[in-house]
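Please open the model in a viewer and keep the selection tool at hand. The tour below proceeds from one selection to the next and states what is found at each stop.

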Amino acid sequence: MSILLVQQSAPYGNSSAKEALDIALSAATFEQDISILFTGDACYQLMANQNSEKIDQKNISQMLKALPIYGIEEMYVDEDCLRKRQITHLTDSSSIKKLSKTDIKKMYQSADTVIRL
Amino acid sequence: MILHTINKTSSHESLNQQLSDTVDACDSVILIENGAYQAQQLTSTPVNHWSQTAKNIYVLERDALARGVSMSIDKINYIDYTKFVELSLLHDKVISWY
Amino acid sequence: MNISILVLSAPYSSQGAYSAYRYTQAALKSGIKVHRVFFYQDGVHAGANLATPPQDEFNLYTAWQDLKLEYELDLVVCIAAAARRGLINAAEAKRHNKQHSNLANGFELSGLGQLVEACALSDRLVTFGY
C-alpha cells in the first residue's frame, strides 16, 4: 500500500507544511511506503537559508533533511514549479529528485492513496 | 481511473491548472461546494483544461441548487452524495483538490 | 469494501466539514463500511464540546454524534493537532494540569498512526479540505 503525500503549501504561513511532515513521519514509523511530492508553493519549503527561529517556528528545511534518517527517501519536486518561482538555491537536496509534469502524472496514477495537504 | 473532486471556483487558477495537469482521459471530476459554480463556464474553457480531458463531469446537485446553478447544463451529470460514494468505489482512488 | 474519510476543515468556517458529514452519512446509509473518520488540522474542531450554533442553524457537532450513535462510527481526532488548537479530553487535561476538558462525547483523541492505519486498511481515503 503506497501513499503519495502531495505538499502544496509554502512553509510558515500556515501549518500545512509541518502537519504534512508529521503525516510522513508517522507513515514511516509504521513502515508504510510513503513518497512526498513538493508542488506549487510547497517548492518554497526547499529553499536554502531558512531561519525560522526568527518567527518562533521550527525549521522545515532541517526537518526535511532528517527525513531519510526515518526511511523516507522517495521525495520529489515539480521542476516546473521550481522554475516558475525562480528558486535557485535549494537546501541540501540530494534526496529530492526533480520531476516533469508527465512523471508527476504517473505518480498520481500509480499511488494507492493520495493525500494532498 | 481516478475520481477528482474540486471545491473551488475558476478564479483559483493555480489549483485548476494543477488539476488540468493531472487529469487523464479515463478520470472523472466532481464539482463540489463552490466548485459547482464552474459548471456554468465549461463551454468556454481552453483545450487543455481538465473539463476537456475528463471522461465525466459531475456536480453535487445540492451544491448546485444551493447556489442557483442551472440544473440542466449540457454534459454535466447531477449527482447526490450516495452516487458520490458509489463513484469513489468505482474509481481506483479519490484525489481532492481544494 | 470500506472507506475512510479525512476531514481537514472546521465546521462553519468551511463547507468541507459539512460535505464530509453528508458523504459519511450517505456511505453508511448505503451499507458501505466506514472504517474511520479522521479529523486533522482545523478539522479537529468538529469535536468541540462547547460549540453552540444558533438554534436555527444546522448543528454539525451533534450531527456527527448522532451518526456515531446510529452506526457505531469511529470518529478520531488527531491528538497533537487538537492540543495545539485548544481541544483536550479529560485525560489530557489532567496530564497538562488544565482545569477543564472540552472534547465532545463520541470523539476519541489519537495519533496520526490511526490515519496511517486507515490508509492501510481502507480501500479508499476521501479527503475534505478547506
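Begin by selecting B:E33, which counts as buried because 24 C-beta neighbours lie inside 10 Å; a residue is termed buried if 20 or more other C-beta atoms lie within 10 Å of its own, exposed if 12 or fewer, and partly exposed in between, with C-beta atoms placed from the backbone. The model is a predicted one, in which local features need pLDDT of at least 70, side-chain atom pairs count only at pLDDT 80 or more, and totals for chains, interfaces and linings use all residues. Residues are numbered from 1 along each chain as its sequence is written, and chains are lettered from A and ligands numbered from 1 in the order in which they are written.

**Two loops with a positive phi**

B:E33 is located in the loop between β2 (28–31) and α2 of chain B; helices (H or I, at least four residues) and strands (E, at least two) are DSSP runs, numbered from the N terminus. Its phi is near 50 degrees, a positive value in a residue other than glycine. Most residues other than glycine have a negative phi.

Next, select B:I32, which lies in the loop between β2 and α2 of chain B. B:I32 is buried, with 29 other C-beta atoms within 10 Å. Which residues does B:I32 touch, not counting residues up to four places away in sequence? They are B:T5, B:N7, B:L60, B:D63 and, from chain C, C:S19; two residues are in contact if their C-beta atoms, placed from the backbone, lie within 7 Å. A selection of B:V47 shows a separation of 23 Å from B:I32, C-alpha to C-alpha, with their positions 15 residues apart in sequence.

Move now to C:Q41, in the loop between β2 (33–39) and α2 (60–71) of chain C. Here too phi is near 50 degrees, a positive value in a residue other than glycine. C:Q41 is buried, with 23 other C-beta atoms within 10 Å.

**Helix α1 of chain B and the contact with chain A**

Select α1(B), residues 13–22. Its buried residues are B:N16, B:Q18, B:L19 and B:T22. Seen down the axis, these fall within an arc of 155 degrees, so they line one face of the helix; the arc is that of the directions from the helix axis to the C-beta atoms. They pack against α4 (101–110) of chain A and, within chain B, against β1 (2–6), α2 (50–53) and β5.

Display chains A and B together. The contact takes ten residues from chain A and nine residues from chain B. On the side of chain B that touches chain A, α1 and β5 (93–97) each supply at least two residues, and α1(B) gives the largest share, four residues. By class, this side of chain B has two nonpolar, four polar and three charged residues; Ala, Val, Leu, Ile, Met, Phe, Trp, Tyr, Cys and Pro count as nonpolar, Asp, Glu, Lys and Arg as charged, and the others, Gly among them, as polar.

**Helix α4 of chain B and the contact with chain C**

Select α4(B), residues 81–90, in which B:Y81, B:F84, B:V85 and B:S88 are buried. These residues cover an arc of only 100 degrees around the axis, which puts them on the same side of α4(B).

Within this helix, select B:S88, which counts as buried with 22 C-beta neighbours inside 10 Å. Leaving aside its neighbours within four places in sequence, B:S88 is in contact with B:L3, B:V94, C:I3, C:R124 and C:V126.

Display chains B and C together. The contact takes 13 residues from chain B and 17 residues from chain C. The largest share of the side of chain B that touches chain C, six residues, belongs to α4(B). That side divides into seven nonpolar, four polar and two charged residues.

Add helix α1 (residues 16–29) of chain C, whose axis is 8 Å from that of α4(B), at an angle of about 75 degrees. Axes are lines fitted to C-alpha atoms, for helices over the stretch in contact, and angles run from 0 to 180 degrees between N-to-C directions. The two helices are therefore roughly perpendicular to each other, a term for angles of 65 to 115 degrees. In this contact, B:Y81, B:T82, B:F84 and B:V85 meet C:R22, C:Y23, C:A26 and C:A27.

Key:
Angles under 35 degrees count as roughly parallel, over 145 as roughly antiparallel, 65 to 115 as roughly perpendicular and the rest as oblique.
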